[in-house]
Amino acid sequence: MRVIALLAPILAALGVISSLQAEEKEIIKDKSPDKKFALRMTHGEEGWDTSIVELPSKKKIIDLEVVATSGDHERRAWVASVDTFQIEDYAKDARLVWSNDSQRVAYFNEDRDEHTMSVYFRNGDTFEEVALPEIPRCDEIKGEDPKNLDTVWYKTTPEAWLDSGSLLVTFSGEWRRLDGETGAKAMIGCERTITLAFDAQHKASIKKAKESPELMGQKIESPNGTFFVDELEVPAKDDEGHPDTDLEVWIVSAKDPARREPLPGFHEKGFTHLNSVSISPDENWMLVARHYGSHMNATYLFHRKDGLKFEDVFPDVSFDNEAWKFLCKIEKIPKSKIDATDDFPGQAGILEWSDDSARLLIDLHGGLTGKDTYYRLADFKKPGVSGWGAYYNTKTKKFELTDRLRKNNKGARQRWKAMDNDNEEAPEDGFVPPSAESVGHEGSEAPVAERLKKYEAELAALVKHRESQLEGVDRAEFQQKQKDWREELENKAAKIKDPQKRLGFRTRSTWYHLIDVREERLPVYEEPKSPAEK
């Protein structure tokens, strides 16, 4: 996941932050591939009612969950299961998973206790639910006496419809032994992948069931595919000697995974996870974002020393500190005026590397009041900057500006003031940050429409590449993310009346999503164990 300085307004613009969802009375989403149907969600005092509707009329085709007809038993049971659940949130994350021909659809609502998934087939002008087979037990609980097991939770999640017409689903759950064991030893968890087949009469059967592989970490691919940055879980012990897990970060050769080097500074006991890794086109530089705790994030710049060995360019301070120091110099602001949490100023946003790898384009977003940001939200009525851009020049090893960035930075304070204190969101104005310039190729920015065309082409090619790297559930989840992003983009864009602002929104959103896909984390699984090892 990338870290960008304009995180709040951009995520809000893309619908990732749904602070207004509870205030909405109707949501239309998860449109079928043929654009004829969608999920309609309507909000009431007892959560969300759901139905499949026809588009664009919103004519109801079939109810999925409606209090008036099905009662509120499921909703009350859900609220009773955890004391932090509130009935008005019931089904807020419900969704549909469509087949490519729009003739079959799976409905998923994780809140619906032990009946999280339903499957429907189109029949003329409506959709009809089909019965599903009982899911066989995981190996982990096959030998357990059902009387000695208490179900904590379980769910069946639809992942994707396959070209064969089968439905790929994930079954997962957790049970507690009632035989005297306590703590972690009493818990049994499992996850398995199920392929459901349907015959000509739509009768469902289990075609395949296999235990899901053990996930041991994630990896990010370098631009040319010569190495990966692996973040792996490793066994450890806590301060009291109990089993625990730590994380390690390695630079791993793609050709020979046995060749690997640790990323300096990322192997201390108990360190927290990576936020993102942005690698230069020549693969000699990396900007690594790291999460330490609430409101405490930092980025570190690494340079290739030899082979797979990288070294920290600023070993004594974070890259963020150096970036804000540069802003203070240019804007003639005392360093004490930078808002921060302890020693953590606002995290530098990673935008783009220039094609020649000579420049790293970043932007800064934060208050200029000198206050601690841990216990308070940003105050956009007070001084601050948003979208303040700068380059780090990898040739001179210095921060710098060009005329393009100077022009952009003139609006940084106004962009900050335009933010909304309640939602951390600015009104859509079509703003698109500048793109990176190679050394010797400085000048005016390409037209916004031209940039959008470029980003869309790069995104399409990269999505295809990522799909080729993933299988099964992982591929299905990635494809669903792309569909969700595209649908949200179209919905938001349709609400922007001004053509230029709409074009700016599309361009910025597509660019930032391209950054996300570049830094997409690929799963790292353990090698399958033999029966003897199990």
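These legends go with several close-up views of a predicted model.

**View 1. The whole chain, before we zoom in.**
The chain has 534 residues, and buried ones make up 46% of them. Its secondary structure runs to ten helices and 27 strands. Take the contacts with a sequence separation of 6 or more: 56% of them come from residues 24 or more positions apart. The accessible surface adds up to about 27500 Å², with carbon and sulfur atoms holding 49% of that.

**View 2. The five-stranded open sheet, E16-E15-E14-E13-E27.**
Read across the sheet and you get five strands in the order E16-E15-E14-E13-E27, with antiparallel pairing. E16 (260-262) and E27 (522-525) sit at the edges with a single partner strand each, so each has one side without a neighbour in the sheet. Ignoring direction, neighbouring strands here are turned against each other by 35° on average. As background, strands in a sheet pair through backbone hydrogen bonds, in either a parallel or an antiparallel way.

**View 3. The E13-E14 hairpin.**
Here E13 (residues 215-221) pairs with E14 (residues 227-237) over five bridges, in the antiparallel sense. Two facing pairs are handy landmarks: glutamate 221 is opposite phenylalanine 228 in E14, and glycine 217 is opposite leucine 232 in E14. The two strands make a hairpin with five residues between them, and glycine 225 in the turn has a positive phi of about 75°.

**View 4. E14 and its other partner, E15.**
Move across to E15 (residues 243-253), which runs antiparallel to E14 and is joined to E14 by eleven bridges. Valine 234 and aspartate 246 in E15 face each other. This is a hairpin too, again with five residues between the strands, and glycine 241 takes a positive phi near 85°. How much of E14 is buried? Eight of its eleven residues are, so to speak, under cover: the strand is mostly covered.

**View 5. The largest nonpolar core, around isoleucine 362.**
The largest nonpolar core has 49 residues, and Leu301, Phe319, Ile362 and Trp388 are the ones that touch the most other members. Plenty of elements chip in: E18 (285-293), H5, E23 (349-353), E24, E25 (384-393), H8, H9 (472-494) and H10 (499-518) each give at least two residues to this core. Zoom in on isoleucine 362 and, leaving aside neighbours within four places in sequence, its contacts include Leu287, Phe319, Ala323, Leu351, Trp388 and Phe399. Two glycines, Gly349 and Gly389, also touch isoleucine 362. In general, nonpolar side chains of soluble globular proteins tend to be buried together.

**View 6. A second nonpolar core.**
There is also a second core of 21 residues, separate from the one around Leu301, Phe319, Ile362 and Trp388. Val97, Ile141, Val169 and Leu196 are among the members of this second core.

**View 7. A buried salt bridge between two strands.**
The chain has 25 salt bridges in total, and the next three views pick out a few. Arginine 359 and glutamate 400 meet through their side chains in a salt bridge, at 2.6 Å from N to O. The arginine belongs to E24 (residues 359-367) and the glutamate to E26 (residues 398-400), so the pair ties together parts 41 residues apart in sequence. Are these two residues buried or exposed? Both arginine 359 and glutamate 400 are buried.

**View 8. The salt-bridge network around arginine 404.**
Arginine 404 and glutamate 437 form a salt bridge through their side chains, at 3.6 Å from N to O. Arginine 404 is in H6 (residues 403-409), whereas glutamate 437 is in the loop between H7 and H8 (448-469), so this pair ties together parts 33 residues apart in sequence. Arginine 404 is buried, at 14% relative accessible area, and glutamate 437 is buried too, at 2%. The pair isn't alone: Arg404, Glu437, Glu445 and Arg451 are linked in a network of salt bridges.

**View 9. A partly exposed salt bridge between two helices.**
Glutamate 331 and arginine 413 form a salt bridge, with their closest N and O atoms 3.9 Å apart. Glutamate 331 is in H5 (residues 319-331) and arginine 413 in H7 (residues 412-417), so far along the chain that 82 residues separate them. Glutamate 331 is partly exposed, with a relative accessible area of 26%, and arginine 413 is partly exposed at 35%.

Technical notes
Residues numbered from 1 in each chain as written. Predicted model: local features only at pLDDT ≥ 70, side-chain atom pairs only at ≥ 80, totals over all residues. Heavy atoms only, no water. Salt bridge = Lys/Arg side-chain N within 4 Å of Asp/Glu carboxyl O. Helix = DSSP H or I, 4+ residues; strand = E, 2+ residues; numbered from the N terminus. Buried < 20%, exposed > 50% of the residue type's maximum accessible area, 1.4 Å probe, protein only. Core = buried A, V, L, I, M, F, W, Y, C linked by side-chain atoms within 4.5 Å. Contact = heavy atoms within 4.5 Å. Pairing = 2+ DSSP bridges. Axes fitted to C-alpha atoms, helices over the stretch in contact; angles between N-to-C directions. Areas by Shrake-Rupley, 256 points an atom, 1.4 Å probe, with all protein chains shown as cover.
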